[in-house]
Amino acid sequence: MGRHRKKSTSALRRNSVIALTGLLPAGGIAVASSYAAGADIPFLQTRAASHEVPLDASRVEATPAAAPTSSETPPPAPEPAPAPVVDPGPALPESVVAHPLGVPAVNVEAYRNAERILHETLPGCNMSWSLLAGIGRVESTHANDGKVAPDGTLLEPILGPRLDGSLAGNNVIYDTDGGELDGDPVYDRAVGPMQFLPETWKRYATDGNGDGKADPQNLFDSAATTGKYLCDGGLNMADPVQATQAVLRYNNSMAYVANVVAWSVAYSTGIAPAEGDLPRIH
């Protein structure tokens, strides 16, 4: 998936998981400079678990409440607790052409929808829409700047290069789907705005817009499938090492991880990364 790079011949040392101190704006966060690094990035924040012990009603003796006398006024019922306020994050421009931080509204909707689905189905993953947006930015510039129908289906399918070995650094991957998804019966091609290989898509395909089918050329389906793929194996995006491991599934390159994280942090903070924050992905 992604750029389909071959695995690096050098081992991934403990102190090279992610060294992104220079990626983030002043006062930002250095992400996983070592395995013991803290996670302070918005999409890597750990949600606190509740340690309250439920009350066993069978062990509590009921004490009848004293009935109010005719002169007593019953106390007012307590007001319900207000619903938690969800931080919408910074307002972002709606076009990459207009501003580097631009994300079309339909893309934001798809990324947030995928986040919601993952919180319901795999809450331990702690998925964030901004991480999905970071991948969407790197893989397809948000589906070519939001060129999709209202239901999220791309107006023109996105197909990656033919994986026949002609591109340096790319694996040779022979056809796995009879050309069903990529139109090529000899070699595979990555498909859709999040660039899935056909074999990977068939394994993780998720219906993100509730129309009863999973289409790699649909933004909602593709974003939800990406979340499921990243979370596979019980990975927790609140842990920087595990988040790195998940993103490396897309492209076995630390430069790729740096780009995805830089854009993810940018969408969370509203501060665009500088050119020097985005190392070239070979």
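I take contact to mean heavy atoms within 4.5 Å, and I keep to that throughout these entries on a predicted model.

**Entry 1: Tyr267 and the cores**

I began with Tyr267 and, leaving aside its neighbours within four places in sequence, I found it in contact with Pro90, Leu92, Leu101, Val103, Trp129, Ser130, Ala133, Gly134, Arg137 and His142. Apart from the largest nonpolar core lies another core, of 8 residues, and I noted Val106, Ala110, Ala143 and Phe220 among them.

I then turned to the largest nonpolar core itself, which has 43 residues, and listed those with the most contacts inside it as Tyr111, Met127, Leu230, Met237, Tyr250, Tyr256 and Tyr267. The elements giving two or more residues to this core are H1, H2, H3, H4, H5 and helix H6, the last of these spanning 254-269. Which element supplies the largest share of this core? I found that H6 does, with 9 residues. As background, I note that in soluble globular proteins nonpolar side chains tend to be buried together.

**Entry 2: helix H1**

Helix H1 covers residues 105-121, and I recorded that its 17 residues reach 24 Å from the first C-alpha to the last, close to the 24 Å expected at 1.5 Å a residue. I looked up which of its residues are buried, and they are Val106, Asn107, Val108, Ala110, Tyr111, Asn113, Ala114, Glu115, Ile117 and Leu118. These buried residues pack against helix H2 (129-146) and helix H4 (219-231).

On the same helix I checked Glu120 and Arg116, whose side chains meet in a salt bridge at 3.3 Å, N to O. Both residues lie in helix H1, 4 residues apart, about one turn of the helix. An α-helix has 3.6 residues a turn, so residues three or four places apart point the same way. Glu120 counts as exposed at 56% relative accessibility, while Arg116 counts as partly exposed at 40%.

**Entry 3: salt bridges beyond H1**

I noted that the structure holds 4 salt bridges, and I followed up two others besides the pair in H1.

The side chains of Lys202 and Glu180 meet in a salt bridge at 3.1 Å, N to O. Lys202 lies in helix H3 and Glu180 in the loop between H2 and H3, so this pair ties together parts that are 22 residues apart in sequence. I read Lys202 as partly exposed, with a relative accessible area of 45%, and Glu180 as exposed, at 58% relative accessibility.

Arg203 forms a salt bridge with Asp232, and the closest N and O atoms are 4.0 Å apart. Because Arg203 lies in helix H3 and Asp232 in the loop between H4 and helix H5 (240-247), this pair ties together parts that are 29 residues apart in sequence. Arg203 counts as exposed at 61% relative accessibility, whereas Asp232 is partly exposed, with a relative accessible area of 28%.

**Entry 4: Asp188**

I looked up Asp188, which lies in the loop between H2 and helix H3 (198-204). What does a buried Asp188 have as its nearest side chain of opposite charge? I found Arg189, 9.1 Å away, and no salt bridge for Asp188. The side chain of Asp188 does make a polar contact with the side chain of Thr176, at 2.7 Å. Leaving aside neighbours within four places in sequence, I also recorded contacts of Asp188 with residues including Pro161, Arg162, Leu163, Tyr174, Asp182, Leu197 and Pro198.

**Entry 5: positive phi in H2**

I checked the backbone of Asn144, which has a positive phi of about 55° although it is not a glycine, and placed this residue in helix H2. Asp145 also sits in helix H2, and its phi is near 65°, a positive value in a residue other than glycine. Is each of these residues buried or partly exposed? Asn144 is partly exposed, with a relative accessible area of 41%, but Asp145 is buried, because its relative accessible area is 17% and the cut-off for buried is under 20%.

**Entry 6: helix H5**

I closed with H5, which is mostly covered, 6 of its 8 residues being buried. I listed these as Pro240, Val241, Ala243, Thr244, Ala246 and Val247, and they pack against H2, H4 and H6. At the start of H5, I found a side-chain oxygen of Asp239 reaching to within 2.8 Å of the backbone nitrogen of Val241.

Definitions and conventions. Residues numbered from 1 in each chain as written. Predicted model: local features only at pLDDT ≥ 70, side-chain atom pairs only at ≥ 80, totals over all residues. Heavy atoms only, no water. Expected span 1.5 Å × (residues − 1). Buried < 20%, exposed > 50% of the residue type's maximum accessible area, 1.4 Å probe, protein only. Lys, Arg positive; Asp, Glu negative; His and termini not counted. Polar contact = N/O pair within 3.5 Å; in protein donor to acceptor, adjacent residues only side chain to side chain. Core = buried A, V, L, I, M, F, W, Y, C linked by side-chain atoms within 4.5 Å.
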